[in-house]
Amino acid sequence: MAFTVGITRDVVRADGTSIFDKRALRIFDEAKLPWEFIRDDVRELGAAHGSQYEALCVFNPKVPAAVVATPESKVQIVARMGVGYDSVDVKACTENGVIVTNTPDGVRRPVATSILTLILALSQKLFIKDRITRAGRWAETTDHIGIGLTGKTAGSIGVGNIGGEAYRLLAPLEMQHIAFDPYMKAEDAATLRLRLVDKDTVFREADFVFVNTPLTPETRGSVGAREFALMKPTAYFINTSRGRIVDEEALYAALRERRIAGAAIHVFQHEPVDPENPLLALDNVIVTPHSICWTDEFFRSNAESAFRSVAAAASGKAPAFVVNREVLGRSNVRARLLDRG
């Protein structure tokens, strides 16, 4: 039986080359899997795409129920090239026997490095110093003295794959490490020399608060006015997770009124962000277009991880990073894996 792979076209540049190292495609060639870039560049896949491919490798486009729920759908696996999967209707995939995978191994180091980058940029007041230098305001340098990190406290809301890597990268800076993560085991925290505390303590004690939780019904809007009111006026807030975890209006108010020192925002409630979003007008916030971690390493690692998941499913094996693990117990999925295994 044919097993054809469709890769969303948003990973193709204007000159026709892919944004990831083409050597990643050897995974499909070695597995003898036919593949192609989906012809149309869309923000949301539809039923027509589902009827063409057994596997979909997806970067940005949404994957609604229509892709997997029609009788014509051939889709057996949706492989997200990234760690977040809120753009995929996971429930519909599970109900229709479609495996959903993500790439935690591909994003771990790039996103953790981004957190470190933002901590350094905020602490050194990098962007302020850049602006005053370009404006010929050299005499103002003593008005913008940065803060040293030795002994300061880094606090994460959620740890997981990316947060753990961030703490490993921060280790040489001799900071104090705290985190709120009700799912983390004490022995794992001890390995990272991390003190587990409650959520309020992170906001109250940390000099740098960063978010490392997925977007779920539980975490949506979980950081708002109450949490910002707990922070020290010298503290900074960083979000590299998902925009809808944070109440943007509450964050804007805290920044505008200087109740916290500043923020670095990698993600927004609505993307692309509206140019009129008031956060963009503030001088104490660093903003990036949900792409600070986009490096050659990021794209190569994510593509390879997603492609390995597809190759595993095509050969009758359960992929390593299955989001909806309950789908592996469905009879039609078991039959597929057994038939090819």
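**Figure 1. Glu-140 and its salt-bridge partner Arg-137 in the predicted model.** We start with Glu-140, which counts as partly exposed at 24% relative accessibility. Its partner here is Arg-137, and the closest N and O atoms of the two are 2.9 Å apart. Arg-137 has a relative accessibility of 36%, so this residue is partly exposed too. As context for this view and the next two, the structure has a count of 18 salt bridges.

**Figure 2. A salt bridge within helix α6.** Glu-165 and Arg-168 are joined here, with 3.0 Å between the closest N and O atoms. Both belong to helix α6, where they sit three residues apart, about one turn of the helix. What is the relative accessible area of each partner? For Glu-165 the value is 7%, which falls under the 20% cut-off, so the residue is buried. For Arg-168 the value is 45%, and this residue is partly exposed.

**Figure 3. A network of salt bridges with four members.** Lys-199, Asp-200, Arg-226 and Glu-227 are the residues linked in this view. One of the contacts to look for is that of Arg-226 with Glu-227, whose side chains meet at 3.4 Å, N to O. Arg-226 is partly exposed, at a relative accessible area of 47%. Glu-227, by contrast, counts as buried, with 8% relative accessibility.

**Figure 4. The aromatic pair of Tyr-167 and Phe-210.** This is a view for anyone who likes ring geometry, and the structure holds 10 aromatic pairs. A pair of aromatic rings is described by the distance of the centres and the angle of the planes. For Tyr-167 and Phe-210 the centres are 5.8 Å apart and the planes meet at 50°, so the pair is tilted. That angle lies between the limits of 30 degrees for stacked and 60 for edge-to-face. Which parts of the chain does the pair link? Tyr-167 comes from helix α6 (residues 160–170) and Phe-210 from strand β9 (residues 208–211), distant parts of the chain with the two residues 43 apart. Both Tyr-167 and Phe-210 are buried.

**Figure 5. Phe-298 and Phe-299, a pair of rings in a cluster.** Is this pair stacked or edge-to-face? The planes of Phe-298 and Phe-299 stand at 85°, with the ring centres 5.0 Å apart, so the pair is edge-to-face. Phe-298 is buried, at a relative accessible area of 5%, and Phe-299 counts as buried as well, at 11%. Stepping back a little, ring pairs join these two residues with Phe-59 and Trp-294 into a cluster.

**Figure 6. Phe-307 in the largest nonpolar core.** In soluble globular proteins, nonpolar side chains tend to be buried together. The largest nonpolar core here has 63 residues, and the members that touch the most others are Ile-7, Phe-307 and Val-310. Domain 1 (5–102 + 296–337) and domain 2 (107–287) each supply at least three residues to this core. What does Phe-307 touch, leaving aside residues up to four places away in sequence? The contacts of Phe-307 are Ile-7, Phe-20, Ala-24, Leu-25, Ile-27, Phe-28, Cys-57 and Met-81. Another core, of 27 residues, lies apart from the largest one and includes Val-202, Val-246, Leu-251 and Ala-263.

**Figure 7. Two cysteines, Cys-57 and Cys-93, without a disulfide.** How many disulfides does a search of the whole structure find? The result is zero. For Cys-57 the nearest cysteine sulfur is that of Cys-93, 13 Å away, whereas a disulfide would need the sulfur atoms within 2.5 Å. Looking from the other side, Cys-93 has the sulfur of Cys-57 as its nearest, and Cys-93 is likewise in no disulfide. Cys-57 counts as buried at 0% relative accessibility, and Cys-93 is buried with a relative accessible area of 1%.

**Figure 8. Ser-309 in helix α11.** To close the set, this view turns to a serine in the helix that spans residues 296–314. Is Ser-309 buried or exposed? With 4% relative accessibility, Ser-309 counts as buried. Residues up to four places away in sequence aside, Ser-309 touches Ile-77, Thr-101 and Pro-319.

Methods: Residues are numbered from 1 along each chain as its sequence is written. This is a predicted model: local features need pLDDT of at least 70, side-chain atom pairs count only at pLDDT 80 or more; totals for chains, interfaces and linings use all residues. Side-chain values use heavy atoms; hydrogens and water are left out. Rings of Phe, Tyr and Trp (its six-membered ring) pair if their centres lie within 6.5 Å; planes under 30 degrees apart count as stacked, over 60 as edge-to-face and the rest as tilted. Helices (H or I, at least four residues) and strands (E, at least two) are DSSP runs, numbered from the N terminus. Buried means under 20% relative accessible area, exposed over 50%, partly exposed in between (1.4 Å probe, protein chains only). A nonpolar core is a set of buried Ala, Val, Leu, Ile, Met, Phe, Trp, Tyr and Cys residues joined through side-chain atoms within 4.5 Å. Domain bounds come from an automatic or database domain assignment. Contact means heavy atoms within 4.5 Å.
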